[in-house]
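Visitor: I should like to learn how the features of a structural model are read. Could you take me through them one at a time?

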Amino acid sequence: MSRTMLLVGTRKGCFILESDGDRRDWSVRGPYCEGWPIYHAIHDVDTGTIYAAAASEWHGAGVWRSNDLGESWELSSEGLTHDGDGVKLSKVSGLTAAHGRLLAGAEAVGVFESRDQGVTWSLLSTLEGQPGSDTWNDPAAQPPGHLGVPAILPHPSEPSRMWAIVQGRGIFETTDDGRSWTPRNRGLRADWPLEDPEVGYCVHKLVMSPLDNDRMYQQNHVGMHRSDDAGHSWVEITDGLPTEFGFAAAAHPHDRESFYVIPLDPGHGRCMPDGHAAVWRTEDAGSSWRRLDAGLPHQDAYLGVLREGMAIDALDVPGLYFGTSTGQVFASADEGESWNEIASYLPAISSVEVAVVD
Amino acid sequence: MADLHLPPTLPRIFPDLPRRLDVDAATVDEAIDRLEERWPGLRDRLCEPGPVLRRHINVFVEGERASLDTALEQGSRVDVVAAISGG
């Protein structure tokens with residue numbers, strides 16, 4: 001019988017939640033990775049390896065890997081460096097496995113690759129030459145934290161094609177494996193002055209429909225947006241949502257018109273509005289939205305969910321999952337129609353990914 | 001030989017690394033080289049490009065704050081300390 005595993009990255013290590021195909025009863029194991037802060041943990045379906053991107057205040061950034069579904073772990077940062085140019089690598093975050101390699105986004109801006117299952121790394125691109133790149137490592141131009149590449153979206157069938165998010169700048173696409181990039185932000189809104197209309201957008205999360213690689217959705221700092229041409233142009237689809245702000249997003253595996261988001265209060269709180277926990281779903285590509293909250297707390301629930309905090313599996317009736325910045329994990333075995341709290345007391349959660357393994 | 005003392009976070013990453021060991025080195029930097037030879041990857045846990053010690057890693061030689069260039073004598077006590085930070 002297949003196992004459903006949730007890989008949960010937290011501020012105090014990686015945890016694994018396990019269930020069977022019914023996804024009703026869950027067990028928790030961990031913490032793994034020696035309690036290092038984990039920003040994103042993923043499962044590579046081709047190799048069966050689990051990877052967890054980490055950054056320790058004491059010991060720097062690295063990627064943990066486990067070849068036995070979390071029983072044992074090794075850490076490597078060999079090659080994860082902006083050697084020689086004085087730029088510090090402070091964090092590695094968004095991981096993705098595709099086409100026989102592992103990709104990692106880093107702060108300062110960098111896309112790294114590993115072709116030996118996370119043992120060694122090399123710098124693929126710093127997106128040098130893109131509009132604004134001359135200042136994005138300038139300390140005076142930094143937002144709170146550090147500018148970087150939080151996520152990389154690979155094309156599923158074209159190995160040299162991918163999209164990278166640069167924080168506060170927007171989406172960039174390469175079709176030649178990082179040798180050149182093109183901004184893909186046309187149609188996005190910015191509620192602040194732009195020096196160059198091609199860049200300066202705050203993209204939080206980018207997802208692609210598995211059924212149609214031209215269909216993309218993004219949760220932005222100021223609105224939800226859809227693209228029907230693989231990011232060449234965007235239309236806003238925020239109407240019907242309680243706020244324009246949020247981080248997490250997920251695309252339905254069997255319906256190209258369906259897409260999930262978790263709107264948050266855009267102020268300092270960045271929690272679900274009015275203390276009412278909910279995931280919102282569109283089934284018509286953003287023309288309308290429906291609140292999914294059965295089984296979620298309806299009051300006094302000031303929950304935050306970060307960029308990688310929601311995941312969906314690809315079973316016949318997809319399961320949807322999200323983890324909060326206060327350590328709860330909620331699961332739905334019926335594509336969001338009803339929910340259960342399956343972990344309550346984990347450390348602050350950065351990421352949730354799902355894997356179905358035999 | 002210098003008398004090297006390491007923080008408890010390191011043996012949890014590097015199997016068989018003791019908290020205390022003798023190393024034959026003329027500077028702190030060389031002491032870290034000796035560790036790297038036996039436990040590959042360890043230098044990156046203590047240093048960043050420059051090279052310099054990581055911001056939250058402190059090294060003391062005979063109780064005095066040290067840098068990578070600090071010289072070691074026969075029998076010098078070297079304490080590598082992870083900063084008291086976090087929560």
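Guide: The turns below move from chain A to chain B and then to the contact between them. Please note that this is a predicted model.

Visitor: How many helices and how many strands are there in chain A?

Guide: Chain A has 28 strands and zero helices.

Visitor: How is the radius of gyration of chain A to be read?

Guide: The value is set beside what the globule rule gives for the length of the chain. For chain A the radius of gyration is 19 Å, close to the 21 Å from the rule for 358 residues, so chain A is as compact as a globular protein of that length. Along the principal axes, its C-alpha atoms fill a box of roughly 50 × 45 × 40 Å. Of the 358 residues in chain A, 51% are buried.

Visitor: What share of the contacts in chain A joins residues at least 24 apart in sequence?

Guide: Among contacts between residues at least 6 apart, the share is 49%.

Visitor: How do strand 2 and strand 3 of chain A pair?

Guide: In a regular strand, side chains alternate between the two faces of the sheet. Here, strand 2 (residues 13–20) and strand 3 (residues 27–32) of chain A are antiparallel, with four bridges. I16(A) stands opposite R29(A) of strand 3. The hairpin of these strands of chain A has six residues between them, and R23(A) takes a positive phi near 60 degrees there.

Visitor: What is the strand order of the open sheet in chain B?

Guide: The order of its five strands is 2-1-7-5-6, and the pairing is mixed. Strand 2 (20–23) and strand 6 (64–66) of chain B are the edge strands, each pairing on one side only. Neighbouring strands of this sheet are turned against each other by 30 degrees on average, direction ignored. Strand 1 (residues 2–5) of chain B pairs with strand 2 of chain B in the antiparallel sense over four bridges, and A2(B) stands opposite V23(B) of strand 2.

Visitor: Which residues of helix 1 of chain B are buried, and why are they on the same side of the helix?

Guide: In helix 1 (residues 28–38) of chain B, the buried residues are V28(B), A31(B), I32(B) and L35(B). They lie on the same side of helix 1 of chain B because they cover an arc of only 95 degrees around the axis.

Visitor: How many residues of chain A and chain B are in contact with each other?

Guide: The size of an interface is often given as the accessible area lost when the parts come together. Here the description is by contacts: twelve residues of chain A touch 15 residues of chain B. On the chain A side, two of these residues are nonpolar, five polar and five charged.

Terms used:
Residues numbered from 1 in each chain as written. Chains lettered and ligands numbered in written order. Predicted model: local features only at pLDDT ≥ 70, side-chain atom pairs only at ≥ 80, totals over all residues. Contact = placed C-beta atoms within 7 Å. Nonpolar A, V, L, I, M, F, W, Y, C, P; charged D, E, K, R; others polar. Buried ≥ 20, exposed ≤ 12 C-beta atoms within 10 Å, placed from the backbone. Helix = DSSP H or I, 4+ residues; strand = E, 2+ residues; numbered from the N terminus. Arc of directions from axis to C-beta. Pairing = 2+ DSSP bridges. Axes fitted to C-alpha atoms, helices over the stretch in contact; angles between N-to-C directions. Rg over C-alpha atoms; globule rule 2.2 N^0.38 Å.
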